[in-house]
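Open the model in your viewer and keep the selection tool at hand. The tour has a few stops.

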Amino acid sequence: MDFSPSIFRGLKEKLDTILDRLQNSGKGFQEIGIVGIGGSGKTTLAKLVFIEANRRYWWDYRIWICLFPKLSGDVEFKEMIKEMLKQCTAAVVDDEDFDEDELLENLGKALKGGRYLMVLDGIWDINIDWYFKLKDKLKSVSGDGDDDARMMVGTHNLYHLQLPSTSIQTHWQSKHAPIRNLLRKYRFNLEGELIERCDGLPLAIDSLAEVIKKHILGTESICTRNQGIVLINGKDDAMLGNELLLSCRTIFYKEETVIDVSKLLLHEIFNKANQYIESLNLIIIWSRDAMANQLMQTIRRVVRHHKLNSKPPILLLPLGSKANISFSLGWENQPPKTVPKDMIQFLKGTINERAKEIDSWGIVMEMKSIPEGFQLSSTFGLESALEPNLWPMESDKEFHATFWNYFIIDECCGSCYFKPWPRNIVLPICIKTKDQLGEWKEISIPHSTRAIVCLNLPCFPNRPNVKEKYRNFKDSFVNDQLLEVICFKDAWHGDDFLPSKDRGECLAQVGSIQLELYNSAVSHIHMSIDGNRWKHPLLIQDDNKVIEIFYSGKTRVYVNSNSKCKFK
């Protein structure tokens, strides 16, 4: 702490008076007492004297003894003398055979003939034998005679501290401005209560300021070494999203790198990420699956645009419901609290771990209309695709997207929007995978299938059933460049992530797959890419349409230790 007199202007008069007394008191032993109620600045004034006296005058020794930790009843006088001997660079013998008198004699020899300043901080009772014993020895060393001392201080050398003339509010605003600003930024309404409860005592508010800094705000910025960008979709959970925005803007080095993406279009997010991408070594996303997917696609596009050799790792954290990507990576119910201190602790513990790579998967299909919310070859969608609205185009064009968790085709994607699928109609799709020769071969699908899931991350409590004929299936890893293709007898429902494992059957493990749609008695089928759902028209003509899914590289993400993800 800086003990410059310019900071403690209210103590300047007392400081100058004591320093003048020290200078003009002549030779011999001198006592000065500073008294006042707790928190009035006694120790601060003594510290100022201790420092300024050394700057202005020459001393052989300066000794500071703090009695607060020693006052548990009787003062350990022997230990105090040893501490004094250490501070005046005298040899100290830790032998227990040395009694107080022998130690006092050593102290007298060390100080004899020298000029010294000794501060005893925290004396609450002047009627104490040890002090008079010490005083007698110091007076004898200084040549002031051997008369026993009976008074420690009196009216001639007593400096009484009143409460400071400056208001406690002025002290709080001037000395603790950084903490005050952080509290206001985070919208903690503590200032009025702090000032009221401190009852005009600077020490009280200084102590509380340290408590606030240590236990609420945290003691440092999370990104002093890590250049990060934080993308928070406040729309997914308005209350928690706002708390996260406030907390992250408090603890991150650059406030402008904490972005509420719910108020921006995807091309605006692209531009912001593009601005910082070359200096980033951390990206944090707080969102449910649908927006998380689109943000990751945006970041992927920015990385490719800059042709970066080192891709910044991504920390995917849940916000709102249906955040299965984050849950699969082990981040359910994280972070536990949003106050800055807890956020710093959580993020530091997380980003100090090594990021791991998971597979990403590309999907291409031709369609006459593109669902909202997905990137095209030259632009981005602007809205979330929860409604069956489509962009009409003059002719078929390729629709490109990337997913990390799942791609689903089923008969009902979100029960609140679509009518149930007729039970007597088969899912109008055939699945083709490559054989050992690289030829596309169709695999059979059970007639009762109502949903096809291409799955990368472990979203089930347990793995769906693997039939006897598929015993050559390998363990499922998230970085093995293989997708699991699973058929379900149930369709997707809005309230549950996936149907029961007992209703599913693993069909294949593949590095690429073709899903061929054909015309049917129904006009639409439903699709979902990492939570982005839409209603897709089926063919009227006889020409079948093909959806191709292929391995599309690795993405570095942070994975919690309790994740069910397996890595090769």
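What follows is a walk from a pair of helices to two loop residues.

This is a predicted model, in which local features need pLDDT of at least 70, side-chain atom pairs count only at pLDDT 80 or more, and totals for chains, interfaces and linings use all residues. Residues are numbered from 1 along each chain as its sequence is written, and side-chain values use heavy atoms, with hydrogens and water left out.

**The helix pair**

Select residues 266-276, helix H11, and residues 289-306, helix H12. Helices here are DSSP runs of H or I with at least four residues, and strands are runs of E with at least two, numbered from the N terminus. The axes of H11 and H12 come within 9 Å and cross at roughly 45°. Axes are lines fitted to C-alpha atoms, for helices over the stretch in contact, and angles run from 0 to 180 degrees between N-to-C directions. H11 is therefore oblique to H12; oblique covers angles that are not under 35 degrees (roughly parallel), over 145 (roughly antiparallel) or 65 to 115 (roughly perpendicular).

Next, show the side chains of Leu-266, Ile-269 and Phe-270, which are among the H11 residues that meet H12. On the H12 side, the residues include Leu-295, Thr-298 and Val-302. Contact means heavy atoms within 4.5 Å.

**Two loop residues**

Go to Gln-481, in the loop between strand S14 (451-455) and strand S15 (483-488). Gln-481 has a positive phi of about 60° although it is not a glycine. Most residues other than glycine have a negative phi.

Finish at Asp-530, in the loop between strand S18 (524-529) and strand S19 (532-537). Its phi is also positive, near 45°. Is Asp-530 buried or exposed? Asp-530 counts as buried because its relative accessibility is 0%; buried means under 20% relative accessible area, exposed over 50%, and partly exposed in between (1.4 Å probe, protein chains only). Gln-481, at 38%, counts as partly exposed.
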